[in-house]
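Trainee: I've got a new model open and I'm not sure where to start. Could you walk me through it?

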Amino acid sequence: MKYKDLFIDFDDTLYDTYGNSVIALRETYEAYGLARYFADPQIFYDAYWQTNIDMWTQYSKGEITLDYLIVERFRRPLCVGKGLEVTEAYCLEMSDRFLDFCSSKPGVVDGAHELMDYLRSKGYRMHMCSNGFHEVQYKKLNACGLRDYFDTIILSEDAGVNKPSPQYFDYALQRSGAQRDTTLMIGDNLQTDIMGAMSAGFDALFFNRYPEHEKTKAPTYTVTSLRDIMKIL
């Protein structure tokens, strides 16, 4: 067996972060009565998702802080509404409520439990590698029933840097006790998971859930479903 350790991304690789967040965002919109300020809820949803993508891209590059992300990803879409006083305290309160809704959702990507059962039966050591929030990630893990599959939980908050930084992957090796040449990184984000891992000297398996065209360097493996991974490992 070539690989002994697997570094596995969590959000949108195993946990259906987007699907669960869509539900949680609707719950947040309703809980705060935002229909008073938006003619159509889709206006708020579209503004949120665009801002969220921008914020996470900047955060993964180390361009903004986590505290800034938490406030700004709600401040911007809320400011699109009419007649709403948008304060930092209001954004923080809404963020906490949204994350509570999100982290209680059990939804996983199709095939996630089947894959993890298979990998465990094969004797791989598995380590979750995530840029997500510390408290939220543990709640998600418990909600979806995936916590016990992992030997190590490696979060960017603990590492002090985000994927794709080489320092993150060095920290992951230190925490997990894995060796670079017998470790495979598995993830759905071409930049943070795949290019980051390969730049740090790891083999990488790209879970290509959606069409990706900007490949500067071909991943070691590419799959379009989690079950395809069982044909490789």
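Mentor: Let's go through the overall fold, then the sheet, then the cores. Keep in mind that this is a predicted model.

Trainee: Fine. How many helices and strands does the protein chain have?

Mentor: Counting elements is a good way in. Here there are 9 helices and 6 strands.

Trainee: And how do I judge whether the chain is compact?

Mentor: You set the radius of gyration against what the globule rule gives for that length. For these 233 residues the rule gives 17 Å and the chain comes out at 18 Å, which is close, so it is as compact as a globular protein of that length. Along the principal axes, the C-alpha trace spans about 60 × 35 × 30 Å. Burial is another thing to check: 53% of the residues count as buried.

Trainee: On to the sheet. What is the order of its strands?

Mentor: Read across the sheet rather than along the sequence. You get 3-2-1-4-5-6, in an open sheet with parallel pairing.

Trainee: Which strands stand at the edges?

Mentor: Look for strands with a single partner. Those are strand 3 (152-155) and strand 6 (221-223), so one side of each has no neighbour in the sheet. On average, neighbouring strands are turned by 20° against each other, ignoring direction.

Trainee: Can you show me one pairing up close?

Mentor: Sure, take strand 1 (residues 5-8) and strand 2 (residues 125-130). They run parallel and are joined by 4 bridges. Within that pair, Phe7 has His127 as its bridge partner.

Trainee: What packs on the sheet?

Mentor: Helix 8 (residues 166-176) does, touching strand 1, strand 2, strand 3 and strand 4 (183-187). Its direction makes about 155° with that of strand 3. Helix 9 (residues 190-199) lies across strand 4 and strand 5 (203-207), at about 160° to strand 5.

Trainee: Now the inside. Which residues have the most contacts within the largest nonpolar core?

Mentor: Leu6, Leu14 and Leu119 do, in a core of 31 residues. Helix 5 gives the largest share, 5 residues. Other elements giving two or more include strand 1, strand 2 and helix 6 (134-144).

Trainee: What does Leu119 touch?

Mentor: Leaving aside residues up to four places away in sequence, Leu119 touches Leu6, Ile8, Tyr124, Met126 and Leu233. There's also a second, separate core, with 30 residues, among them Tyr32, Leu78, Tyr90 and Val136.

Notes:
Residues are numbered from 1 along each chain as its sequence is written. This is a predicted model: local features need pLDDT of at least 70, side-chain atom pairs count only at pLDDT 80 or more; totals for chains, interfaces and linings use all residues. Side-chain values use heavy atoms; hydrogens and water are left out. Two strands pair if DSSP finds at least two bridges between them. Axes are lines fitted to C-alpha atoms, for helices over the stretch in contact, and angles run from 0 to 180 degrees between N-to-C directions. Contact means heavy atoms within 4.5 Å. The radius of gyration is taken over C-alpha atoms; the globule rule is 2.2 Å times the number of residues to the power 0.38. Buried means under 20% relative accessible area, exposed over 50%, partly exposed in between (1.4 Å probe, protein chains only). A nonpolar core is a set of buried Ala, Val, Leu, Ile, Met, Phe, Trp, Tyr and Cys residues joined through side-chain atoms within 4.5 Å.
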